Amino acid sequence: MAGIDPAISADHIIRRFGATVAVDDVSLAVAPGEIYGFLGPNGAGKSTLTRVLCTLITPSEGHARVAGYDVATEAEEVRLRVGVALQEAALDDQQTGSEMLALQGRFYGLSAAATRSRVAELTDLIDIGDALARRIGTYSGGMKRRLDLALALVHDPAVLFLDEPTTGLDPVSRAKVWQEVRRLNTDLGMTVFLTTQYLEEADELADRVGIINKGVLVAEGTPTELKRAIGTDVIIVTLGGSVDRARTALGRLGTVQRIETSGETLMLSVSDGPSTISPVAVTLADVPGADVRELSLRRPSLDDVFLSVTGEHISDDHAPGGAVDTSRDDSTRERA
């Protein structure tokens with residue numbers, strides 16, 4: 001929105017590790033209250049840029065501001081206003097969840113009463129329940145991930161950084177984390193910067209998506225805009241007869257841009273599949289002998305977008321549970 005400063009802005013950020021350029025001249029802006037999905041394969045620079053933005057490492061060149069403050073020259077001010085949940089949760093298995101949350105509150109200068117009040121709020125929001133009284137070493141992977149999210153929220157940050165928050169989680173735990181992120185954004189208006197390898201996650205949660213490859217931001221837009229930019233919807237029709245008649249009749253529909261035939265299957269390229277599939281069905285019903293065996297709609301996916309801009313697939317099946325971004329600087333594994 002015009003006149004409102006971005007919650008996150010990066011201006012020509014470059015980050016080098018020796019001769020390796022992990023982030024190469026990246027500029028982006030995230031509006032207050034937006035969920036921004038940051039996609040890329042291992043080693044693309046996702047985690048490196050996230051660590052720059054949350055002040056764990058400094059940029060080699062360029063400038064970035066988060067919550068109104070410069071990440072390099074005003075790092076303390078940034079850290080007071082951001083929550084960070086990295087891939088590797090910094091949890092002490094010997095402490096209880098309550099003890100860790102209380103400790104985190106003290107780190108941020110909260111009083112004991114304010115910390116107790118905030119923990120009570122987070123218990124409901126993050127769905128930790130009775131597990132807070134147990135030692136963290138007894139937690140499942142999903143519980144540890146949700147506790148790490150709660151730790152990032154103790155001080156009620158304006159901006160939340162989530163670095164691959166559901167990597168390695170089972171589908172049920174992933175869905176719970178998605179629900180919690182959505183609630184934080186919807187109910188509290190929190191800005192979320194979400195790095196992920198899961199295309200479904202970005203499609204489900206993100207208002208806008210940026211795709212980084214080999215350190216370069218190669219595409220940016222809403223999931224719908226990105227999918228529209230790389231191709232049309234496809235309606236697939238499988239018939240039991242009268243293929244030629246059906247092709248002729250469907251060719252008369254103004255919304256059908258192209259028809260390809262493979263045996264008894266017709267593939268119709270259309271600009272708006274949901275609004276076109278009904279006229280297609282009605283047209284086929286009037287074609288003598290056109291026995292419709294299958295009628296389906298395929299829309300471009302974020303994997304199609306990723307393939308288009310990077311030349312390779314990144315799909316849920318290929319996102320390894322234990323994968324890490326090889327561009328990260330492991331010496332900076334700490335909480336902002």
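This is a short talk on three helix packings, one cavity and one strand residue in a predicted model.

Let me start with the empty space. Rolling a probe the size of a water molecule over the atoms shows where empty space is left. How many cavities of 30 Å³ or more does a search of the whole structure find? The answer is 1. Its volume is about 60 Å³. Around this cavity you will find Ala85, Leu86, Arg145, Asp148, Leu149, Leu162, Pro165 and Val177. Sorted by type, the lining has 6 nonpolar residues, 2 charged ones and no polar ones. Which helix gives the most to that lining? Helix α5, residues 141-153, does, with 3 residues.

Please keep α5 on the screen, as the next two packings both involve this helix. Two packed helices are described by the angle between their axes and the distance between the axes.

The partner I take up now is helix α6, residues 171-188. The angle between α5 and α6 is about 15°, and their axes are 10 Å apart. Angles under 35 degrees count as roughly parallel, so α5 is roughly parallel to α6. The crossing of these two helices is right-handed. On the α5 side the contact is made by Gly142, Arg145, Arg146, Leu149 and Leu153, and on the α6 side by Ser173, Lys176, Val177, Glu180 and Leu184. That contact divides into 4 nonpolar, 2 polar and 4 charged residues. You have heard some of these names already: Arg145, Leu149 and Val177 belong to the contact and also line the cavity.

Now the other partner, helix α3, residues 97-107. Here α3 and α5 pack at about 25°, with 9 Å between their axes. By the rule I just used, that makes α3 roughly parallel to α5. The handedness of this crossing is right-handed. Which residues of α3 meet α5? They are Gly97, Met100, Leu101 and Gln104, and they meet Leu147, Ala150 and Leu151 in α5. By type, this contact has 5 nonpolar residues, 2 polar ones and no charged ones.

Next, a pair further along the chain. Helix α9, residues 243-251, packs with helix α10, residues 273-285, at an angle of about 135°, and the axes are 10 Å apart. Why are α9 and α10 called oblique to each other? Roughly antiparallel needs an angle over 145 degrees, and roughly perpendicular covers 65 to 115. An angle of about 135° fits neither range, so the pair counts as oblique. The crossing of α9 and α10 is right-handed. In the contact, Ala246, Ala249 and Leu250 of α9 meet Val280, Thr283 and Leu284 of α10. These divide into 5 nonpolar, 1 polar and no charged residues.

Last, a single residue. Where is Val234 found? In strand β11, residues 233-239. Val234 and Arg298 are 64 residues apart along the chain, and their C-alpha atoms are separated by 5.1 Å. Setting aside neighbours within four places in sequence, Val234 is in contact with Met267, Leu268, Ser296, Leu297 and Arg298.

To go back over the helices: α5 is roughly parallel to α6, α3 is roughly parallel to α5, and α9 and α10 are oblique to each other. That is where I stop.

Notes
Residues are numbered from 1 along each chain as its sequence is written. This is a predicted model: local features need pLDDT of at least 70, side-chain atom pairs count only at pLDDT 80 or more; totals for chains, interfaces and linings use all residues. Side-chain values use heavy atoms; hydrogens and water are left out. On a 1 Å grid over the protein atoms alone, a cavity is a set of points where a 1.4 Å probe fits but cannot get out, and a pocket is an open set with protein on both sides within 12 Å along at least five of seven lines; lining residues have an atom within 4 Å of a point. Grid points are joined across faces, edges and corners, and a volume is the space filled by probe spheres set on the points. Helices (H or I, at least four residues) and strands (E, at least two) are DSSP runs, numbered from the N terminus. Ala, Val, Leu, Ile, Met, Phe, Trp, Tyr, Cys and Pro count as nonpolar, Asp, Glu, Lys and Arg as charged, and the others, Gly among them, as polar. Axes are lines fitted to C-alpha atoms, for helices over the stretch in contact, and angles run from 0 to 180 degrees between N-to-C directions. A crossing is left-handed if the near helix is turned anticlockwise from the far one by less than a right angle, and right-handed if clockwise. Contact means heavy atoms within 4.5 Å.
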